[in-house]
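Hi,

Here's the structure I said I'd pass along. Have a look at it first, and then read on for what turned up in a few helices and strands.

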Amino acid sequence: MKRATLVIKLRRLTRLLLLVAFVCGASGMLSADEATSGKSATSEKPESLLPPGWDAALAGDEVMQRLVTVTAPQVKGAHDAEMAFVDRRAFVVAEVNDLKGGESAAWPEIYCAMSIVNLDTLKVENVIPFARSQQAFENETLPVGACFVPRILQTDAKTLRCYFASEQPGQRQAQTWYRDFDLTTQTFANTIHKARLKTAAGTFDMQPRYFHADAVARGFTKDAKDFGLYLFDSFKEFDGKNYVAINNFPGKQNALAVVHDDFETFEIVGHFNEPQSAALSESAVNRLPDGTWMAICRNDGGNYHFTTSRDGKTWTIGTELPWVPNGANSKPTFDRFGDLYYLGWQEATRIHGVNRSVFNVDISRDGKTWERKYRFESTRSFQYPTFREHDGVVWLCVTQGDTSPSRKEAIMFGRLEQAGEFASQAGRHRQPIPKPAEQAAVMKVGVKLFTDRDYTLTEAPEFLMGRSFLRTSIEGYEVQCQKPGEIFVMTLSKPHSANQSAALLKQGFTQVDTPEFQLFPGEINRVFAWRRVLTKGERLRVRKLAFLVAGEGTEVSAVQPVPESSEDAASRIERMEKIADYALVPPKLNTSPLPEYDYDKLDYGMTIGIERTPGGRLWACWVAGGDSPQAFFVLATSDDDGEHWSSPRLVVDTHDKELPRPRSILVGNLWTDPLGRLWLIFDQSMDMFDGRAGVWATLCENPDADEPVWSAPRRIWHGVTLNKPTVLSTGEWMLPMSLDQRGGFGPFKGCFPELDSMRGANVFVSTDKGDTWERRGMATFPNPDWHEHMIVERRDHSLWMLARTSKGMMESTSTDQGKTWSTPIDSAIKQPNARFHIRRLSSGRLLLIKHGDQIDAHSGRVQLSAWLSDDDGNTWSGGLVLDERKGISYPDGFQAPDGTIYISYDRNRATDGEILLARFTEADILAREIVGPKSKLKMLISRPLAP
């Protein structure tokens, strides 16, 4: 049986056992007689709770039609509201901001506000902000940071208590505060107070560290977070006591807590975090008729999980259950109105591509058999609802939005139902859901820029604001001028394959004398503006990235491309394949690159690899020119363990002005083989990828010499290599080579179809110390992105391949030394669409370098971290953050004979262009801080100095 099949069967068995355990609760298993008796919930079909022909989606439509906006007119972003009721008023609290749609704990502009709504007229009587960054009170001044996730509870006849978290991720411990509202005077107190958290270790200020420490004492193993602790599913009364579900969202940590009579202290009853691999967060809790607690937990790795407890202290391992088959990673609800339970959950289905656009509410009497009462479908989204009953009526508030991709722009409020009622649907029918109206293509902050990306405008010079722009694919366009006049085109300010400055110059554009600016988020997406006057009928064609804004009175229209005929395609392919043959010419090595290639001539830096020679010299290699057809290789050395680095000593630049297309050297690596020879492996291709490319290698047998000698490069095969070979236990050397599954780029599309059967993550093997290489096998991956695959041999001699895809890291295994590979599956290691590094260390452990300070989470290309595994990658320890900054990527490295680990990486390739080095040990990784005497982080290898 193949490993993948075995894993699937084991998972199914585990799920079945967990389901049985869930039905039993935490106190014990059902007997065989009980499990098969006629009293089983599955042996009889219970009487339906729904009227015949009930349409849950129509019911949802009816509710949404009567919702009203309760956030203030100036609010641009809003989310996560709660509410309380007193007499004929609703008091709705929410996190809001006045600048942009969406929300983040890292946005200090987010504040908390209360909306007071008249239940008879549904008019907002007042909106009162009550907590914001740096707000001064009589007794305290809030620090810088978001005021986040507000909650509200009536504590006595004249007081509402509003709770909120003040946080600044990565800077300090978050703190939960409260502020009281006087119902008589309709004003907030001028003081705020700290909420308290009671754990087994004592009573503390309500901060994430104490919540985490209490969970760790009960077996929790995830890392601590300094923000994200919230009163989440609040507040529910059982047996005369108020309970609340507490969670730390980034820490994936959950607990049930009881509220003390002072309404200030929250005492942990029990934690429910298992299985920790499921990334559980944001739970909703209730009690079933037999007194059993049940929680539904958001799972950021997939579908919702359910867990139960007899006493609230000890909980079953969470598992998926059949009545929630297709959940998304969003807040659930779990309420009881009258004698019915209402379970609300976000469905992964998207309406017209809008995220969180479907929310279901299912009802049950016993918590086991569920039927759909409401299905909310909206392109405005329907997310993070709260349901509360008051005077026999169930009310709701929910987050919705119209234009921001997050759809977090306003809080809507209204009546769900008279508790338990079913409004008549006679003669009513659903109306088609229209697609969201597209924003006008006019320059303003927050406007969507492209048809095929959700990027929105960050900033632009004043002379461009308010002008019409052309919303096209980010990949490029062709336009024809209808009314003559000025046009402005924005393109990148730094070297990159998407910088179209040269093409604009050729077409008569001049650069506008303004500073560079941030067109849309991302360090690389800083741009300059270019200007030109178009005449009527004139055509303009540009590639990615060139964003066009029309001048006053100028009109242009997009020209639809004429489909390429089969004859034209064949002719183009024949022509481009001849051009691709220029990549078969052996490249020349420049061993005297100064001064032409010194640092003052370089303006880009993308790391390739780093290696150590037998004599202790370090060699580093990086890409200059750009992540583009202008790419070439630069190598430098260090003879003092990375403290200081030479000027460039070797350059591989195969550009030639006589060529019909650019010829690039883009990816590769350095490797010291078991014989002590230093290999430089690199690809050569026309443009970025001509459909074939080629892996080349040159060897240096004296890499410690004053004048190292490199062999003439030889071509090994097609494709590219980005990572080092692996020496197998058989003595064979295994080299990963990627022949991109996407075929040639741009004009090379469709070239070399005879290679299509070999497009994938290939492995090549040498049995003669690298003299020859033989293709052994291949794995193919969905949504591949250069593969960048790495291979380690496990202790059972199986091979484990990890690969980069556009959706993150995936993995495959081989049990026949690489000849065949299992169907790839998503890896438990969560990684952005970026390079990673994994190698076997001399201790026998596996070393992993990835993004994020958790194995199962990341936040993009930040927080490059190091991990160790003692069990071939099943579990990981450590999490030493090598560099916490944004824009870091592409780790590669090695381990020295003394056990020291060296990792190179780059930072902000097109702006800072830094190539950096981290030097550390296994002890540092396990301690999660530098403890070794020679360990050091953020060491500079190179920085381009060209103006």
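Before the strands, one convention: two strands count as paired if DSSP finds at least two bridges between them. Also keep in mind that this is a predicted model.

With that in hand, start at strand β27 (residues 476-483), which is joined to β34 by four bridges, the two running antiparallel. If you want a spot to click on, Cys481 has Val556 in β34 as its bridge partner. This pair belongs to an open sheet of three strands, ordered β32-β27-β34, with antiparallel pairing. β32 (539-543) and β34 (555-558) are the edge strands, each pairing on one side only. From one strand to the next, the twist averages 30 degrees.

Next, helix α6. Does the length look right, or, put better, how far apart are the end C-alpha atoms of α6 (residues 566-580)? They are 20 Å apart, and since 15 residues at 1.5 Å each should span 21 Å, the two values agree. The expected span takes 1.5 Å times one less than the number of residues, in case you were about to check the arithmetic.

Which residues of α6 are buried? Ala569, Arg572, Ile573, Met576, Ile579 and Ala580. They cover an arc of only 120 degrees around the axis, which puts them on the same side of α6. Glu567 and Lys578, on the other side of the helix, are exposed. As for what the buried residues of α6 pack against, that is β42 (685-686).

Last stop: β50, β51 and β52. Strand β50 (residues 799-805) pairs with β51 over seven bridges in the antiparallel sense, and the two form a hairpin with two residues between them. Within that hairpin, Arg804 stands opposite Met809 in β51. β51 also has two bridges to strand β52 (residues 825-826), again running antiparallel, and there Glu811 has Ile825 as its bridge partner.

Why call β51 (residues 808-814) largely enclosed by the rest of the structure? Because seven of its seven residues are buried, where buried means under 20% relative accessible area. In a regular strand the side chains alternate between the two faces of the sheet. That's worth having in mind as you look along β51.

Over to you!

Cheers

Definitions and conventions
Residues are numbered from 1 along each chain as its sequence is written. This is a predicted model: local features need pLDDT of at least 70, side-chain atom pairs count only at pLDDT 80 or more; totals for chains, interfaces and linings use all residues. Side-chain values use heavy atoms; hydrogens and water are left out. Buried means under 20% relative accessible area, exposed over 50%, partly exposed in between (1.4 Å probe, protein chains only). The arc is that of the directions from the helix axis to the C-beta atoms. Contact means heavy atoms within 4.5 Å. Axes are lines fitted to C-alpha atoms, for helices over the stretch in contact, and angles run from 0 to 180 degrees between N-to-C directions.
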